[in-house]
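Student: I am new to this structure and would like a close look at a single part of it. Could you choose one residue, go through its surroundings carefully, and then connect it with the rest of the chain?

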Amino acid sequence: MGVKFGREYKDIVTDFVRGIEMVNGFYEFLEMDADDWQALDKDEQEECLRTLADDIFYALGSTPVIQVGAGSVRHDASNHVLKVHDGEKLVSVIYLV
């Protein structure tokens, strides 16, 4: 089905990356540990985060909740937002329209 959005995709991904970064252990989704993540330079980290955001965004089209590190990302289709949680704490809301 896919996630419907009305904003520029690049703007959504930029906001989404910033939200994902706030989740404890987000790099585990990439099958990395903290040392692996820290070994990457800033550009490599940014590229990995953008790829992760893209992958999760498209996966949310068929699965409304995806576990990421110690948290989760939820697609709230009725409100046209993505909600990023670190554990139970809501850390970011990404507006799709």
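Tutor: What follows begins with the whole chain, moves to one tryptophan, and then goes outward to other residues.

Please keep in mind from the start that this is a predicted model, and that the positions discussed here are computed ones. The protein contains three helices and four strands, and when the chain is read along its sequence these elements come in the order α-α-α-β-β-β-β. For a chain of 97 residues, a compact globule would have a radius of gyration near 13 Å, and the protein agrees with that expectation because its own value is 13 Å. Taken along the principal axes, the C-alpha atoms fill a box of roughly 40 × 25 × 20 Å. Of the 97 residues, 37% count as buried, and the accessible surface comes to about 5,700 Å², with 49% of it belonging to carbon and sulfur atoms.

The part to look at closely is tryptophan 37, which has its place in helix H2. Is this residue buried or exposed? Its relative accessible area is 5%, and since buried means under 20%, tryptophan 37 is counted as buried. Leaving out residues up to four places away in sequence, tryptophan 37 touches Phe26, Tyr27, Leu30, Met32, Gln45, Cys48 and Leu49. One of these, tyrosine 27, is 10 residues away along the chain, and its C-alpha atom is separated from that of tryptophan 37 by 6.7 Å.

Another residue on that list, Gln45, deserves a view from its own side. Glutamine 45 is found in helix H3, which covers residues 42-59, and at 9% relative accessibility glutamine 45 also counts as buried, because that value is under 20%. A polar atom of its side chain lies 2.9 Å from the backbone oxygen of tryptophan 37. Apart from residues up to four places away in sequence, glutamine 45 touches Trp37, Gln38 and Leu40.

Before helix H2 comes a loop, and glutamate 31 has its place there, between helix H1 (9-20) and helix H2 (34-39). Here the picture changes, for glutamate 31 has 76% relative accessibility and therefore counts as exposed, the limit being over 50%. Its backbone is also worth a glance, since phi of glutamate 31 is near 60°, a positive value in a residue other than glycine. Histidine 80 likewise has phi near 60° without being a glycine; histidine 80 is found in the loop between strand E2 (71-76) and E3, and with a relative accessible area of 38% it is partly exposed.

Returning to helix H3, we find alanine 53 there, buried with a relative accessible area of 0%. Once residues up to four places away in sequence are set aside, alanine 53 touches Val13, Phe16, Val17 and Ile20. With phenylalanine 16 the separation is 37 residues in sequence, yet 6.3 Å in space from C-alpha to C-alpha.

The strands bring further contacts between separate stretches of the chain. Serine 92 lies in strand E4, residues 89-95, and at 11% relative accessibility serine 92 counts as buried. With neighbours within four places left aside, serine 92 is in contact with Asp15, Gly19, Met22, Leu82, Lys83 and Val84. Aspartate 86, found in strand E3 (residues 81-86), is partly exposed, its relative accessible area being 24%. Beyond residues up to four places away, aspartate 86 touches Met22, Val23, Asn24, Ala70, Gly71 and Val91, and its side chain reaches the backbone nitrogen of asparagine 24 at 3.1 Å. The C-alpha atoms of aspartate 86 and valine 73, which are 13 residues apart along the chain, are separated by 9.0 Å.

Two values for the whole chain can be set beside these single residues. Among contacts between residues at least 6 apart in sequence, 51% join residues at least 24 apart. The protein also has 9 positive and 19 negative side chains, and the centres of these two sets lie 11 Å apart.

Notes
Residues are numbered from 1 along each chain as its sequence is written. This is a predicted model: local features need pLDDT of at least 70, side-chain atom pairs count only at pLDDT 80 or more; totals for chains, interfaces and linings use all residues. Side-chain values use heavy atoms; hydrogens and water are left out. Helices (H or I, at least four residues) and strands (E, at least two) are DSSP runs, numbered from the N terminus. Buried means under 20% relative accessible area, exposed over 50%, partly exposed in between (1.4 Å probe, protein chains only). Contact means heavy atoms within 4.5 Å. A polar contact is a pair of N or O atoms within 3.5 Å; within protein, one must be able to donate a hydrogen and the other to accept it, and residues adjacent in sequence count only if both atoms are side-chain atoms. The radius of gyration is taken over C-alpha atoms; the globule rule is 2.2 Å times the number of residues to the power 0.38. Accessible areas come from the Shrake-Rupley method with a 1.4 Å probe; for residues, only the protein chains shown count as cover. Lys and Arg count as positive and Asp and Glu as negative; His and the chain ends are not counted. The place of a charge is taken as NZ of Lys, CZ of Arg, CG of Asp or CD of Glu.
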